[in-house]
There are 4 protein chains.
Amino acid sequence: MKERLVLAYSGGLDTSVILKWLLEKGYEVITFTANLGQADDFEATKKKALKIGASKAIVEDLRKEFITDYIFPAIKANAKYEGRYLLGTSLARPLTAKAQILLAKEEEATILAHGSTGKGNDQVRFEFAYRTLYPQARIIAPWKDPEFLSRFKGRDDEIEYAKANGIPVSVTKKDPWSTDDNILHISYEAGILEDPSLRPPETMFRMTTAPKEAPDKETVLEIEFKKGIPICIRNLNDEKEEHTPLGLFAYLNEVAGKNGVGRIDMVENRFVGMKSRGVYETPAGTVLQAAHRDLESITLDREVMYIKDFITPMFARAVYFGYWFSPEVEYMMKMVDESQENVTGKVRISLFKGNADIIGRESPISLYDPELASMHKEGEYDPTKARGFIDVSAIRLQAWANLERKKGRSIP
Amino acid sequence: MKERLVLAYSGGLDTSVILKWLLEKGYEVITFTANLGQADDFEATKKKALKIGASKAIVEDLRKEFITDYIFPAIKANAKYEGRYLLGTSLARPLTAKAQILLAKEEEATILAHGSTGKGNDQVRFEFAYRTLYPQARIIAPWKDPEFLSRFKGRDDEIEYAKANGIPVSVTKKDPWSTDDNILHISYEAGILEDPSLRPPETMFRMTTAPKEAPDKETVLEIEFKKGIPICIRNLNDEKEEHTPLGLFAYLNEVAGKNGVGRIDMVENRFVGMKSRGVYETPAGTVLQAAHRDLESITLDREVMYIKDFITPMFARAVYFGYWFSPEVEYMMKMVDESQENVTGKVRISLFKGNADIIGRESPISLYDPELASMHKEGEYDPTKARGFIDVSAIRLQAWANLERKKGRSIP
Amino acid sequence: MKERLVLAYSGGLDTSVILKWLLEKGYEVITFTANLGQADDFEATKKKALKIGASKAIVEDLRKEFITDYIFPAIKANAKYEGRYLLGTSLARPLTAKAQILLAKEEEATILAHGSTGKGNDQVRFEFAYRTLYPQARIIAPWKDPEFLSRFKGRDDEIEYAKANGIPVSVTKKDPWSTDDNILHISYEAGILEDPSLRPPETMFRMTTAPKEAPDKETVLEIEFKKGIPICIRNLNDEKEEHTPLGLFAYLNEVAGKNGVGRIDMVENRFVGMKSRGVYETPAGTVLQAAHRDLESITLDREVMYIKDFITPMFARAVYFGYWFSPEVEYMMKMVDESQENVTGKVRISLFKGNADIIGRESPISLYDPELASMHKEGEYDPTKARGFIDVSAIRLQAWANLERKKGRSIP
Amino acid sequence: MKERLVLAYSGGLDTSVILKWLLEKGYEVITFTANLGQADDFEATKKKALKIGASKAIVEDLRKEFITDYIFPAIKANAKYEGRYLLGTSLARPLTAKAQILLAKEEEATILAHGSTGKGNDQVRFEFAYRTLYPQARIIAPWKDPEFLSRFKGRDDEIEYAKANGIPVSVTKKDPWSTDDNILHISYEAGILEDPSLRPPETMFRMTTAPKEAPDKETVLEIEFKKGIPICIRNLNDEKEEHTPLGLFAYLNEVAGKNGVGRIDMVENRFVGMKSRGVYETPAGTVLQAAHRDLESITLDREVMYIKDFITPMFARAVYFGYWFSPEVEYMMKMVDESQENVTGKVRISLFKGNADIIGRESPISLYDPELASMHKEGEYDPTKARGFIDVSAIRLQAWANLERKKGRSIP
């Protein structure tokens, strides 16, 4: 009897070749395709898999779970890897892997396979999830398999194999870069992008209008959060509103994208050790994180925010490295959640030709007190007390400067 | 004989009233005005001080020192207070204070005075410097002085006093907000800005064109750094170049400002404990920090950058809180400097209607290796080795998940 | 009608003089004395207060609350200020302040007073609690009050005043140092201890036997924790057991103290900016924290522990600085609690002449897996996989070293 | 012609078997043995290697370099992995590897081999150094080699092979644990120690007298540091002094060891992901680090120490994980060095039956100011200023508590 295997299947050339190759190796293959909002024809993907020989081809719509259980926690954490990357792929992979594993368990499949290369981060994200959530499963990762690697040295070998095996090959010329897309982002890397000094062509972008082509009139949105989670987007230009996770996220992608918001061009450090150039479009994610960060500024205490901000880069890094299902990410997510109790309120943001500018914020439970802040109203604040505050705080500085002077140093 | 005092003097109503009041109290007053690039008529300032009764009125051009010894170190550190504020005022105050102190020592003045309010951060920045660098000096801070406070309850009292004492009062209506400006930024706070939900009026901004009024054509700049310090700005539209600190900084302000780059609207946490809304224009600073951060991405090792990024918020906070002359800022500046040895290269950046987008970077000492990064060239990288990398890294995760399962938890 | 005031009252000379002085100033004074386990005759304290003129003298036994709500959270956090000080006084003050405030509210007293000096940390701990928990109250802190300070220049003035006012003055000669004691520790500072190069006299210590006088035979204890909290101490020498918070803590003080465990001599940095020499005896606290830390080593994941260990110094510092009732301490305590879910098990510790040595630990939910750890059993671990783990991890190092060599540096 | 290989050779059964096996495989083998102070007969080691068939057997005395360039930097950093382990082996391996590499380059050997197992940290430490410092070299690590692993399943196979090949096998019964020793420490792990609940037998320890067998009289030492580096040990019992790195370190091992100081029993987290029980004796290291830490308390500013203390666990972890030759360790060592400018002075420490208690410290450039610290001398400190310090610092707390109360929470 054949061993049963679940393959993470995108429908592209790579995973189609892998599917065929696995069938040739004698496995029964069920394909699993996660609908995370990527611009694909999932019916076609399904048919293609079955045509190649999959015993089943499962497509699952995971968009809502992706938004509520993966994207929103990252928004709450203000997570950006190396200060910029909004983790569009890093958040998607563990969800795909988890759903693939659940399917495998249901189908009593004992092997998990994926098509990620042996040089990137995605293989790690897939396989950490496999090892952690389904340790009994065997993993087949063709791009780390010497036999597969010796057979397929490059794309030409794959095309030839596909043609020989009746696998449909897209007739459109392949883009000179690789992409990964889902409802959170599109990433572009490799190919001509490997020279980090070259500007990507404008034609590459698909989720965002070029700032110079974007409307000449700003769009003002109001974003409402409850305990750190976006619950409503209101377009103040036309009063259109969206309230569901999927509805508001999709709408925000549309509006921010139309206004050219959310492009990033960066060089990042992969977990496996090399630097890599990535270009990203993350329209809704960019706007949501900016708005969330801003709302925290009036609802979080200064020191709580300072501590949370130390956790943020550790969290982003752990997620980027593939540790979504890990004790440390679980621990840091609890830390993040504990901070969000009061992060409730509204932020207004102007979208205009690439800009997403915060222009106002309010909260029913704000720590901002205009009376206290005002330079011109005295209120309960007694300015003469600042004398003692400063002088006592300066004791340590004076001791230091005295010693430095005693050592012969001129200060200033 | 009268006690001699040096007053930090801006020439505005506040410090002019203070000057007169100090003279009435019987002090000999020397005024000190730092030229940090603010849009003032320094000759008029001088004359005004002397007319009111200052025994000397000193204006010192500190712009170059401000750029090289205060702004550039902050750029090297990527310093942003609470993730956004570029420290335009925080960096300026200690320099003004230092120069004021040097003047006081030279003039054998034993008293230092400033006009900052008793509720803000600036008083702390001035007085930490006074206490640390000139501990023998007495400090007079009228806005923390009960006598002064009881005499001047508001702006109306000041105007009346000014008129009564022949102090010229500007006839133009006062802006409904306060500003502080220098070559790095203009800040706006207080007045109508105290409601953080209200958008500031477009007429407020002076350093930057409104994005919608900015040119329809992008400006592409190339910024060259050597060991973390900008040494050349080249406008790739017209090949104009600037090489001196002052020259390139002023030019960058002009170009970035014209393209609407560098506005920030935020609520920040003051050292003295309350939240405060601030709006900033920082054209050159915004562009330089974005470019510097990007250049680090190809010249710093991943782990070095990760460690440095933990220092950055501590550094920004210490500077914001007024600790410029302190053992900890000195220590962190050394840490930053140690990291900049290889931060040499060029970054290209597109300025367009408020956007400052990185579009390319290169370095003669780059850690970025396209061969190594490429997904499609194998090079020296053996992808089969990733098998062991992942599996060994996953040991810890498996141990954790096993235990959680044993405890009865369902994972996933 | 007299204003009613609650004074934190120890019964010593200082607070007795303050009590009388407050009565002279025309206040109605209720004294509040917290029983935190210090070696005092609380009946005598009460009588003394009433004799001097207090309208009421309240003593409250807070020992259990002190242990469960203040000491145990610090144990869970492994909190040591500056790596050594176990926070014996820092944890006590906020509890005393809180109970004093509750009494004041109950008694409708609108003034809170304490006898801490104007140079130390304790005034801050008292007054942060006052300001935060009872902001309407007025604070009287005689050692910061110019009138009181001008009247009482030193201890001699106090003694004279006491004698003149019929306040009993202890006939025993005052120790040449100050102490603060409670069930967690005794601290010694000031006086002859102000020379940090001089060794404190052996006669000073009261909670611990001198190591050289301690028993020649070790005592082995087994300490059991549940979710980070000690729930049982078992003396393996004689099988004596204690299970209640107060019972086990008192017993542990006795046993550890008898074995000379828990002395620390250090110089620490006060919140108000100066360095201060402190000597401490913390027998039970020392043993509990060592045991707790050790139990975490088998029950916490490596990365969770690493993250928690970054929180620990921030937590200890905030508590030491007086921020017990603050958003940040509340936030960090939640972080600590989230980590303790699995910190359940037993630790065995040998007490002997000053040493508290861990000699074994076990947990029903241990992450320690002897099969996996064993160098000699292969188990499920495949050592050949370490090849890929190391080689992939080394990619980054090689890139760095190559660049350094290219730059002309000799490595090694 | 045979390929030339340098093997890190200890002279024990393991590396002797490996040596023979490598010869059988056809390599020319040069053995390299680092004298790091371990208790070995290096002449015998040499002879054994040559007898088995090594073409050369090199022994190099690296003790001084080990102390000055590896141990002292770790002392300056106060480095302890997971708060306890003093890195005795972690510091030794990179030095052995470096010297082995230099020998290989000199001898034009292109292969490096070591005998560390595939489950531990040491393999990583060796091979990171190999990859980084000699990337052209091939690595042979028999305990990760499938052929070797299939031939040698355990110690019995090794003994049989040794006997069959004339390799001398020690007749003494093997200890039921593994050890690694050098001048800094002896570590014990594996075997009977794999049960973390069992106490190690007293007979195991070799560097330290059992506390109960140690002298009944304390030994008081004075340790002098210059810029963080120990330059003199003086025994105040007998005035004996040592000034050289090797001299003072060896002497301190002797004195501290005799007094039973420096044992640790812990469970630590290996880099490769599993937990491991280790028992250590580190007499001199324990005393030096305690003394160094204490000297920092009077010579480092509070905030500088706080920042440095955040670096320390990152440094210790990187060293433990094998990253000695890495950009991040190099970077952190510079950070540590920058902090040590003033760490000059003397610390007195009492050694007694396992205790190493600090009893006094002094420095010519101390930040400790007894006048300022004194609770009873007023000096330049004005206690009334603490009123403003506290009240301004409490503003933030009051705003928070007000909001919490407004939300309906009872505080307290």
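This passage looks at how two chains of a predicted model are arranged and meet, and then at a pair of helices in chain D.

A good place to begin is symmetry. In general, two copies of a chain are related by a rotation about an axis and a shift along it. Here, a turn of 180° with a shift of 0.0 Å along the axis lays chain A on chain B with an RMSD of 0.0 Å. The two copies are thus related as by a two-fold rotation axis. Within chain A, the residue that comes closest to this axis is A:N355, whose C-alpha lies at 3.2 Å.

The contact between the two chains comes next. Chain A contributes 111 residues and chain B contributes 111 residues. Of the interface residues of chain A, 100% are also interface residues in chain B, so the copies meet through the same surface. About 9900 Å² of area is buried between chain A and chain B, and carbon and sulfur atoms give 57% of that area. Charged side chains take part as well, with 16 salt bridges counted between chain A and chain B. One of the salt bridges joins B:R317 to A:E303, with the closest N and O atoms 2.5 Å apart.

Finally, attention turns to chain D. Helix α8 (residues 245-258) and helix α9 (residues 283-299) of chain D have axes that come within 7 Å and cross at roughly 100°. The two helices, α8(D) and α9(D), are therefore roughly perpendicular to each other. On the α8(D) side, the residues that meet α9(D) include D:F249 and D:L252, while those on the α9(D) side include D:V287 and D:L288. The residues of this contact divide into seven nonpolar, three polar and no charged.

Key. Residues numbered from 1 in each chain as written. Chains lettered and ligands numbered in written order. Predicted model: local features only at pLDDT ≥ 70, side-chain atom pairs only at ≥ 80, totals over all residues. Heavy atoms only, no water. Least-squares fit on C-alpha atoms with pLDDT ≥ 70 in both. Contact = heavy atoms within 4.5 Å. Axes fitted to C-alpha atoms, helices over the stretch in contact; angles between N-to-C directions. Helix = DSSP H or I, 4+ residues; strand = E, 2+ residues; numbered from the N terminus. Parallel < 35°, antiparallel > 145°, perpendicular 65-115°, else oblique. Nonpolar A, V, L, I, M, F, W, Y, C, P; charged D, E, K, R; others polar. Buried area = accessible area lost by both parts, 1.4 Å probe. Salt bridge = Lys/Arg side-chain N within 4 Å of Asp/Glu carboxyl O.
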